[in-house]
Amino acid sequence: MTEHSEVLNQPEAEVQEHTHAEGHVHRDDEGSKMAMWLFLFTELLLFGGLFLLYGAYRFEYADGFKVAAAEMNSFIGAVNTIILLTSSLSVALSIAAMQRSHKKLALGMLWFTILCGIAFLINKYFEWSHEIHNGVYPGGPALENMSNGEILYFGLYYVMTGLHGLHVIIGLIFIGFIMVFIARDKITSTNFQKLENAGLYWHLVDVIWIFLFPLFYLLH
Amino acid sequence: MSEQIHTGEMTAGQAHAAAHGEAEHSHAGAHAGGHMVGYGTYFMVWLGLVALTAVTVTIAGIQLGSLTLLTAMLIASVKTALVGYHFMHIKYDNKIIKVFILVCLVIFLTFWILTFSDLSFR
């Protein structure tokens with residue numbers, strides 16, 4: 001009885017007591033999803049600001065941007081686009097497999113996604129090292145002789161693809177954790193919102209690249 | 001204990017499905033936030049995305065002048081819509097999430113319009 005009156009004095013404790021007593025699991029998939037979307041909006045704003053900066057500078061230095069972009073290897077850019085699109089497919093397939101309780105297939109698809117992400121980063125590494133080798137980096141010898149438009153282009157190129165690359169790395173870590181959850185049956189066919197959220201993040205990274213590709217590689 | 005938890009989950013899931021059923025009947029019976037989509041659908045969306053990428057690269061090779069950027073951005077928007085609608089499951093999301101996304105896009109678009117109306121008429 002005394003315990004009960006104590007609980008009454010603390011409304012919060014009462015709620016906890018009540019739910020524990022019924023063995024009710026605290027879970028709100030819809031809330032979890034909404035939180036993920038709200039986070040993605042902040043990501044959109046982060047990249048959106050950079051895209052706006054790109055747009056404004058490209059408007060002012062159209063010629064310099066064209067000259068600078070001519071040096072880009074659009075083939076590698078296209079390959080990376082296909083790689084990311086395919087990795088988005090495998091994440092979507094992984095969720096579909098999880099819903100059907102195909103644990104192994106879901107894990108296999110996520111392994112494939114991680115391989116795609118790593119392949120993307122390797123391509124990026126070769127691309128960046130090629131440009132840095134040519135002296136195109138902040139304070140580099142080649143960049144110093146360029147026009148303002150070209151300097152701005154490469155500045156934005158490094159910041160935007162760099163930030164995007166960072167997101168790819170974070171996405172890979174995120175998916176890695178999700179795979180551990182799946183392996184330990186913390187994610188199941190009826191409880192997979194964590195996987196869904198990782199998927200949302202990965203697709204956002206894909207969407208950002210969908211815009212980066214034509215803006216940095218396909219200027220003619 | 002585990003059975004207890006299970007039943008707890010089930011009732012939560014059923015309540016959710018019922019709540020969903022009112023808003024979207026196609027959702028009835030489906031688990032919270034989950035709608036079964038066939039593997040084939042995802043493959044078709046992927047094919048479409050790859051095809052659109054090919055179109056973007058091809059169009060960039062043709063001299064279209066100022067239209068090049070416009071078409072590239074239009075295609076990128078269509079690709080984004082495909083990824084969002086199918087891969088990110090916006091198609092099956094609650095109305096509130098759809099409204100949130102729309103509001104976010106409108107705000108984003110407003111930034112662009114304001115900035116470029118400034119840049120263009122200086």
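Which residues is B:Tyr85 in contact with, leaving aside its neighbours within four places in sequence? Select B:Tyr85 in this predicted model and look for B:Ile90 and B:Lys91, which are its contacts once those neighbours are set aside. B:Tyr85 sits in helix α3 of chain B. It counts as partly exposed because 14 C-beta neighbours lie inside 10 Å, between the limits of 12 for exposed and 20 for buried. For a distance to draw in the viewer, take B:Tyr85 to B:Leu69: 16 residues apart along the chain, with C-alpha atoms separated by 24 Å.

**Chain A as a whole**

Colour chain A by secondary structure next. It has nine helices and zero strands, so the pattern read along the sequence is α-α-α-α-α-α-α-α-α. Of its 220 residues, 40% are buried. Among the contacts in chain A with a separation of 6 or more, 77% are between residues 24 or more positions apart.

**The interface**

Now show both chains and select the residues that touch across them. Here 41 residues of chain A are in contact with 39 residues of chain B. On the chain A side, the elements giving two or more residues are α3, α5 and α9. The most comes from α5(A), with 12 residues. By class, this side of chain A divides into 22 nonpolar, 12 polar and seven charged residues.

**The nonpolar core**

Keep both chains visible and select the largest nonpolar core, which has 69 residues. Its members with the most contacts inside it are A:Ala92, A:Tyr153, A:Ile178 and A:Leu212. Two or more residues come from each of α3 (29–60), α4 (62–69), α5 (74–99), α6 (103–133), α8 (148–183) and α9 (193–217) of chain A, and from each of α2 (39–61) and α3 (67–87) of chain B. The largest share, 17 residues, belongs to α9(A).

Centre the view on A:Ala92. Not counting residues up to four places away in sequence, A:Ala92 touches A:Gly199, B:Tyr42 and B:Phe87.

**α5 against α6**

Hide chain B and select α5(A) and α6(A). Their axes are 8 Å apart and the helices pack at an angle of about 165°. Since that angle is over 145 degrees, α5(A) is roughly antiparallel to α6(A). The crossing in which α5(A) passes α6(A) is left-handed. The residues of this contact divide into 16 nonpolar, eight polar and one charged.

Then go to the loop between α5 and α6 of chain A and pick A:Arg100. Is A:Arg100 buried or exposed? A:Arg100 is exposed, because 12 other C-beta atoms lie within 10 Å and a residue with 12 or fewer is given that class. From A:Arg100 to A:Glu43, C-alpha to C-alpha, is 31 Å in space and 57 residues in sequence.

**α6 against α8**

The last stop is the pair α6(A) and α8(A). Their axes come within 10 Å and cross at roughly 160°, so α6(A) is roughly antiparallel to α8(A). This crossing is left-handed. To see the α6(A) side of the contact, select residues including A:Leu107, A:Leu110, A:Ile114, A:Gly117 and A:Phe120. On the α8(A) side, the residues to select include A:Gly165, A:Val168, A:Gly171, A:Leu172 and A:Ile178. A:Ile178 was met earlier, as one of the residues with the most contacts inside the core. By class, the contact of α6(A) with α8(A) has 13 nonpolar, five polar and two charged residues.

How values were computed. Residues are numbered from 1 along each chain as its sequence is written. Chains are lettered from A and ligands numbered from 1 in the order in which they are written. This is a predicted model: local features need pLDDT of at least 70, side-chain atom pairs count only at pLDDT 80 or more; totals for chains, interfaces and linings use all residues. A nonpolar core is a set of buried Ala, Val, Leu, Ile, Met, Phe, Trp, Tyr and Cys residues joined through C-beta atoms within 7 Å. Helices (H or I, at least four residues) and strands (E, at least two) are DSSP runs, numbered from the N terminus. Two residues are in contact if their C-beta atoms, placed from the backbone, lie within 7 Å. Ala, Val, Leu, Ile, Met, Phe, Trp, Tyr, Cys and Pro count as nonpolar, Asp, Glu, Lys and Arg as charged, and the others, Gly among them, as polar. Axes are lines fitted to C-alpha atoms, for helices over the stretch in contact, and angles run from 0 to 180 degrees between N-to-C directions. Angles under 35 degrees count as roughly parallel, over 145 as roughly antiparallel, 65 to 115 as roughly perpendicular and the rest as oblique. A crossing is left-handed if the near helix is turned anticlockwise from the far one by less than a right angle, and right-handed if clockwise.
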